[in-house]
Structures are given as structure tokens and as C-alpha cells.
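Colleague: I have a few questions about how the chains of this model pack. Please take them one at a time.

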Amino acid sequence: MFENMSLLSLQQYWWFIVSLLGALFIFITFVQGGQTLLYNIGKDEAQRNVLVASLGRKWELSFTSLVMFGGALFAAFPLFYSVSFGGAYYVWMAILFCFIIQAVSYEYRKKPNNFLGSRVYESFLYINGSVGIILIGIAVGTLFTGGHFIKNEMNLSAWTMHSYGLEGALNPFNVALGFTLFFLARVQASLYFMNNIADDSIVKNAKIQLFRDALLFLGFFITTIVMLLVMSGVSYHNTFFVVSEYKFLHNFLNTPLLLALFLLGTFLVLFALFITFFRKSTKGIWFSGIGTVLVILSFFCLLGFNATAIYPSLSDLASSLTIENSSASHYTLSTMSYVSLGVPFVLAYIIAVWRVMDRKKITSEEIASDAHHY
Amino acid sequence: MDSTLLVELSRAQFALTALYHWLFVPLTLGLSFIIAIMESLYVKTGDETWKKITKFWMGLFAINFAIGLATGIILEFEFGTNWSNYSWIVGDIFGAPLAIEGIMAFFMESTFFAVMFFGWDKVSKKVHLLSTWLVAIGSNLSALWILVANGWMQHPVGMEFNLNTARFEMKNFFDVLFNPNAISKFLHTVSSGYVMGALFVVGISAWYLLKKRDILFAKRSIIVAASFGLLASVFLTLTGDESAHQVALTQPTKLAAMEGLYDGKSRAGIVAIGQLNTDKKIGDGQKEFIWSIEIPYALSFLGFRNINAFVPGIDDLVLGNPTLSIEPAQSKIDKGKVAIASLKTYKEAMRENDNTKATIAFQSFRENQSFLGYGYLNDPAKIIPPVGITFYSFHIMVGLGSWFLALFFFVLYFSMVGKIETKPLLLKLAFLSIPLGYVAGEAGWIVAEVGRQPWAIQSMLPVGIATSSIDPISIMITLGLFATIFTGLLIAEIKIMLKQVSIGPEGEAHV
């Protein structure tokens, strides 16, 4: 089946898969958002324990999604993996450090004799949820704004700036995207808490927090979208690259399906806020979650289709990466495509387990009586 | 840029991460199955004591699991950050197992981990048990895919170099998956994890017996873990034998270093124990060992299944052995340099649209492609990995593995006859063997990875070509940070573990 597809079709299929994984990861970053709200929503230790316990049942999914996103990029677009990770070294390393400290913090935070103390582990969670997510936004932003790299005819690459990716933090679009994702994660976290925890005080606090974060999110989101639509991108034809004005606006207009996904996704996020504030619903997380996946999916797909560079080079335009010049071979992509058929099955059991585990909302009594709570 | 420093720092950072990762993963691999067996006994018998036992070990499992995840994610991304040339040159093959690992194993582990820990009152007993087994299976599936990738690095198969893209590309996925080196490596590695898990449970339970507390809990834990450990040890021995056989067939320089063998011979014996002569140089005719005890014929037999087989030594592999048609390393280097030059010529010809020149270069490359990696070396002696660390690590691993087999046998025997509490020396030895399990595991990894040097991909890609082009100072900074963070987290883990063991299954701290 897949072996009969053209190389370009396989490359587009895999860019879609990578985009979907990226979108699912951004959805699941409500865990990170929640980590930054422990002291905003949890007014005492008992409430904070409930919040951590609620997030703690999902944190591994965020970790796994990130690993999966990286693994899929490596397998399907190894040159992108090589150029970006090997070049934007400091940014990726900083992101990794933010995730190392998350991994242990849930388990160690409340354990006796934990060496660093609860507050340190809570600050680890905060750093992961704030610096980690903003840096991921900056790193993703560079897919649109470019990186300072060159590659030779053997496809071996080097970064041309000794700041190794940190210079990306000086680009307003990258920063705006970083803060958009940060506040989106917090918005979703509040919606998640309201859906997952049976505690009037926490729900009330989450709603107040949601209002503040939603305003900031919308501000950054609109800024990011406006910047995206007016910015230039890089187009290519065979091995020739050219800077195109309003590239992403044109990509939206030329691919109505992506525009529809983006608009539907945006509507669903706004709808989630509407029913939460005006209908007292606690199901907003589902609408905002689906909306987030659709918006981020359309964002990533803007890069992979319509002859667009997925990683423009700011040092040598001809070194820019596309889904065509950075992908794995036809054989590997078609083999991997059979494996990708397992993704719906994986999603199905994740959803099934999630439903079973969250059938009953978490209460402070349950956490107090559970010997193995986080 | 100082390329030697860059390579050494890149290796140091990866080695640090891998060594820390390998402190935590074996316990996850082994303990997950032991817990699953214990919970199966609970579900089968309905005995609440088994549930208590399961939950106690599950608690320790969780403490260890988190830090294993943390170090694991770093390893995956370090292929990109520190080995970016590697990621491109072999990413077409190497990336696939990593992605499959994510889809097939990581999600299974992380999804059912939540049920295993928080689902006791949310799902039925059977569904909970299934979740516990799925966590164990997921952990081991994860090991399968990463070791398929590692096995391919040790013995690259199922691929071909594409001159147009200047990289190796996969040609047969099943050759990669069923690479004999990968299969033996997987089985040997996971069985070492099972032994580690068993040592951990037996050792801590022995401590409880020595302290005369939680007796029933400790005895039952020992029975399960020692049985599991004994079976795993037998399996470990068999898979170790097959793993070494594969090394003999595909990585002769590693085998020579593992045995400190310079002068190759037929009917070669295995050095059971010995002290290397550190003044020994290639081809100088000096004795290899200050002293040694050898098992005659064993190396020929175990390596090649034939006591008369010739086992090439370091001198043969570096200087060549015309009698046995072993090519000198310098000849391989020369051919490798032809392959590299042909690749460059091919690229030039393609740029100039000169088909004749391209065809000649293409043919020349194909004739010499098996030696491509050698072309990046300048000194024939560089094909030999560090002998001392490889030799001693291998012998430490084998020696400790033999000890664990004996330990499990005696612990299980005295447990079965009801006399384990009366054997304080055995109990002390069991407790003291916990750190030895970690030593053996790390030694095994050193043999596998240091023994592969100077190659990132055996004979195809030396580590010196595989690194990222970044300033060494950048790696110094991150290496320092990793060392600090990993060490800090290790201290935290040990302190928490010790406290949890002190608290015990009954949930009250003992002073």
C-alpha cells in the first residue's frame, strides 16, 4: 500500500503525522500549565496536593508525547533533526533540562527524606511549565523565522552563530509564540482542573485564574497570528529557494482545508471559554483541547505543504530545509507508515484509560486517604 | 575548533547520560515483572498480604521509574544535539526503531503506569493486573527497540550507502529487526535487568530478615525474586554466550580487547582471571599478562563453536596475517580513503553533469565501500578499542554474573527448606550484592560501547566523524550541568529509597 505511494506523498503524510504529534503534545501541555498554577489556584497545601495529584496522572503523557514527537522527526526527517538539534544546541539543551527536572518532581515532591525539599521540586515543576514551554514555542517559532545554519553537499551542517539557537529568543514572533503557548497551557490547565476535580473552592479559583490567563492568551494569540500572516516565508522549486512575502497568508488562502482547520480550532477554543464563563460548564477542556489540536495542526501543516521550507536558513538560503530534502528514504518512510497505522490504536487505549481513570472526579478526601498520592 | 576535544567531550556527555540511565533502567525492567508476578499471586489467591507486598515494591518501582524516564529522553535527543552528523548519515535506519519504540512502548508504559498506581479502586482486579503486566511488557518492548538500534550500530545490516544523499539508507527492515547481534543483545540486556530486579528484592528482603522485621513479607518476596533471579541468571548465561559468539563473528577487535589477546591462536583459551601487562604494545612480542589463569580451548569453542578455531588477536587485526588471509588495517584504511575520494569525485561529476566520470567514481566507491569508515582513520592502531577497560569490565561482568547465579541458588534453596532466617552470612551477602548488580550492569555497557571504539557504526562510521559541529565549551557547560543534576537526583533517589525501605511495608518508620 504505502510502498506504491510517491516519495512526495509519503513526505507529506509524515509531515502530517509529525504535525499531529506536535499538536497532541501542545494539547497535553495543560499539565505544564497546571504546574505553574499550583500557588495561584491552590490556596493551601491540601489544595495543592489535589492539583498535583490531578496533573500527576497525566504528566507521563506529556513527557511521552515529546519523546514521540522527537522520535518521529528523527525517523522521518533526519536532516531536520540533525540540523536543528545539532545547531540550536543551547535551546534544545535548555528544554531538556526543563524536562529532566519535571520527571522526578511528581514522585519525589512529597516523599520523606527527598534531599531537596518540597518547594524545590515545586519550583522545578514551575520552571518546566514556564521556561520549558516558552522555549518550546521559541524553538517551534524558528521553523517559521529560520535558523543560522549552513549545510554542505554531504548534508553535514553547522550553526554560524556561537549563541547556538539562543538568538531565536530575540525574534518577536518566536517570543510571541512562546508566550501564546505558555498562556494556552495555563488556560487549558484551569479548564482541566474544573473538569477533573470535585472541589468548589478549587473550581472557583480556577475560573478566576482562567479569566486572567484567557485575556493574556488571546492578546498573544492575536499578535502571533497577525505577525504570521504578514511575515515572509521561504518557497522552493526543486533546489531553488526564494523569499516570498506573505507566504503563510498565501498558504492559508491556497489550502482552504488548513484555513478551515485553523478557524474551526480557534472557534472551539473560544467556545470552550464561552461555555465555561456563561454556561457554567466544566467540559470546556474537551472543546479547547480539540481546538488546540486543530490550530496547532494547521500551523505545522502551513510549513509542510505548498512548496514551503520547513526550516529556512538565515545564513545561506540554499541550505534551507524542506520536507523533500530533509526526509528519510522512500523505503524507510513507507515502512514507518505501516507502523503509523498503530497510532489510532494507541490513541484509542489512551482515551479508554483516561475515561476510566477520570470517570469519578478527584476529591481532597481521596488524595488524603491515598498512600501513593503525589 | 579542537576536533579531538570535541569528540572526547561528546563521548563523555553521552557516556555520562548512558551510565546514569543504565543505573535506573535495569531495575525497571526486572522489578516490573517481579511486581506483575506478585500481583498475579494476589489476584489468584485473594491473599491481602500479596497485595501489600505488591504495593510496597511498586512504590520503590515508581521512585526509580521517573528518573529512568528523565535520563532516557536526554539520550534520544543527544543523538541530535551532540551527534548531528550521525543523525543524518545513519538516521534513515537508526531513527525508525526509536520512533517505533515511542509508538509501541512508551505510550503503553505511560498510559498503564497511571492505572497501575492510581487505579486500585477505579478498575477491576483483573484490569489492574493486566495494566501491571502491560507496564512490564511496555518497558521491555522499549528495550527491544533501542537495542535493535544499538545492535545495528554493532553490526550494521540491511542498508546501503546512497551517494546522492551521502548517507546510509535502509534496504531491509527485517534484516535490521532480526539482526542476530540485536537479538542476542536484547535478550542478554533484558535478562541482566531481570537479575538486577531480583537482586534488589532479595537484597532488601534479606535486610528485613536480618533486622527480624516484616518476616512474612520478606520471605514471600525472596521466594518470588530468587526464583525469578535464578531463571534469569541461567538465561543471562546462555544469552551472554550467544552475545559473545556474535561479537566473535562480527567484532573481532572487541573480542580481542575483551580477552587481552594480542597474538591470535587456534585452540585459544579464555582468561578466567589475570593482570594485563600495561607495557605491552602491538607487535612487540611481550607477554600479554603479568599473570593469568586460563581455561584451555574455551575461547575458540565459545567464540566459534569449534575448539580448533583460530581467534585473531590484536596483532593479527592491526598488522595483518597473510597465512590466514587477515588483511592489515593499513590496507583497509587505504581502501577507505579511495571510497571517500570516489564519493567526492562522484559529487563533483554530478555537479558538472559528467556522467562518465560519475559512473567510474560510483564503481570505485562500490568496490571499496565496505572500508568507508577506515578511510577516516590515519593510524592502524586506532582500530583497537582501549584494551584495559574493556578487558577488566568484561571479566568483572562475567565474574559477578556467576556469583549472582550461585547466590540465587542458595537463597532459593534455603528459603524452600525454611532455613533462610538461620543463614545470616548468606543474607548479608545478598544485601551487599545489590550494588554489585549495578556494577555488573555498568561493566556490561562499558564492554559493549567502549569495546566498539573507534566506531559509532562498526567499520562504517568512526565517532570522530559523527559529532555535531559545535564549540567544545558548549559541551563542557552542558556536561557540567548534566553531571550536577544527575548526581543530585541520584542522591535524592537513594535517600528516598532508603527511607521507604526503612518505613517498610507496614508504613511505619523503624529507627
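Modeller: Bear in mind that this is a predicted model. Over all chains, the structure holds 25 salt bridges.

Colleague: Which residue forms a salt bridge with Glu45(A)?

Modeller: Side chains of opposite charge can pair when their charged atoms come close. Glu45(A) sits in helix α4 (residues 45–56) of chain A, and its partner lies 65 residues apart from it, in the loop between α7 and α8 (118–145) of chain A. The pair therefore links distant parts of the chain, and a salt bridge needs N and O within 4 Å. The N to O distance here is 2.5 Å, and the partner is Lys110(A).

Colleague: How many salt bridges does the rule find across the interface of chain A and chain B?

Modeller: The contact draws 69 residues from chain A and 81 residues from chain B. One of the interface pairs is Glu153(A) with Arg351(B), whose closest N and O atoms are 2.4 Å apart. Across the interface of chain A and chain B, the rule finds two.

Colleague: What area do chain A and chain B bury between them?

Modeller: Carbon and sulfur atoms carry 74% of the buried area. The total that chain A and chain B bury between them is about 6800 Å².

Colleague: Are helix α5 of chain A and helix α3 of chain B roughly parallel or roughly antiparallel?

Modeller: Two packed helices are described by the angle between their axes and the distance between the axes. The axes of α5 (residues 59–76) of chain A and α3 (residues 84–118) of chain B come within 7 Å and cross at roughly 160°. Angles over 145 degrees count as roughly antiparallel, so α5(A) is, relative to α3(B), roughly antiparallel.

Colleague: How many nonpolar residues are in the contact of α5(A) with α3(B)?

Modeller: α5(A) passes α3(B) in a left-handed crossing. By class, the residues of the contact of α5(A) with α3(B) include nine polar and one charged. The nonpolar residues number 14.

Colleague: Are α7(A) and α16(B) roughly parallel or roughly antiparallel?

Modeller: Helix α7 (residues 89–108) of chain A and helix α16 (residues 472–503) of chain B have axes that come within 12 Å and cross at roughly 5°. The contact includes Tyr89(A), Phe97(A) and Tyr108(A) of α7(A), and Ile475(B), Phe482(B) and Glu493(B) of α16(B). Its residues divide into 16 nonpolar, two polar and one charged. Angles under 35 degrees count as roughly parallel, so α7(A) and α16(B) are roughly parallel.

Colleague: At roughly what angle do the axes of α1 and α16 of chain B cross?

Modeller: The crossing of α1(B) and α16(B) is left-handed. Among the residues of α1(B) that meet α16(B) are Leu5(B), Tyr20(B) and Leu27(B), and those in α16(B) include Ile475(B), Phe482(B) and Glu493(B). This contact has 18 nonpolar, five polar and one charged residues. The axes of helix α1 (residues 3–45) and α16(B) come within 9 Å and cross at roughly 15°.

Colleague: Which peptide bond is cis, with omega near 10°?

Modeller: Most residues other than glycine have a negative phi, and most peptide bonds are trans. The proline of the cis bond is found in the loop between α14 (424–450) and β7 (455–457) of chain B. The bond runs from Gln453(B) to Pro454(B).

Colleague: What is phi of Phe115(A) near?

Modeller: Phe115(A) lies in the loop between α7 and α8 of chain A. Its phi has a positive value, in a residue other than glycine, near 75°.

Colleague: What separates the C-alpha atoms of Val157(B) and Phe178(B)?

Modeller: Val157(B) has its place in the loop between α4 (125–154) and β1 (159–162) of chain B. Leaving aside neighbours within four places in sequence, Val157(B) is in contact with Trp152(B), Asp175(B), Val176(B) and Asn179(B). Phe178(B) is 21 residues apart from Val157(B) along the chain, and their C-alpha atoms are separated by 9.7 Å.

Definitions and conventions:
Residues numbered from 1 in each chain as written. Chains lettered and ligands numbered in written order. Predicted model: local features only at pLDDT ≥ 70, side-chain atom pairs only at ≥ 80, totals over all residues. Heavy atoms only, no water. Axes fitted to C-alpha atoms, helices over the stretch in contact; angles between N-to-C directions. Helix = DSSP H or I, 4+ residues; strand = E, 2+ residues; numbered from the N terminus. Parallel < 35°, antiparallel > 145°, perpendicular 65-115°, else oblique. Left-handed = near helix turned anticlockwise from the far one by under 90°. Nonpolar A, V, L, I, M, F, W, Y, C, P; charged D, E, K, R; others polar. Contact = heavy atoms within 4.5 Å. Buried area = accessible area lost by both parts, 1.4 Å probe. Salt bridge = Lys/Arg side-chain N within 4 Å of Asp/Glu carboxyl O.
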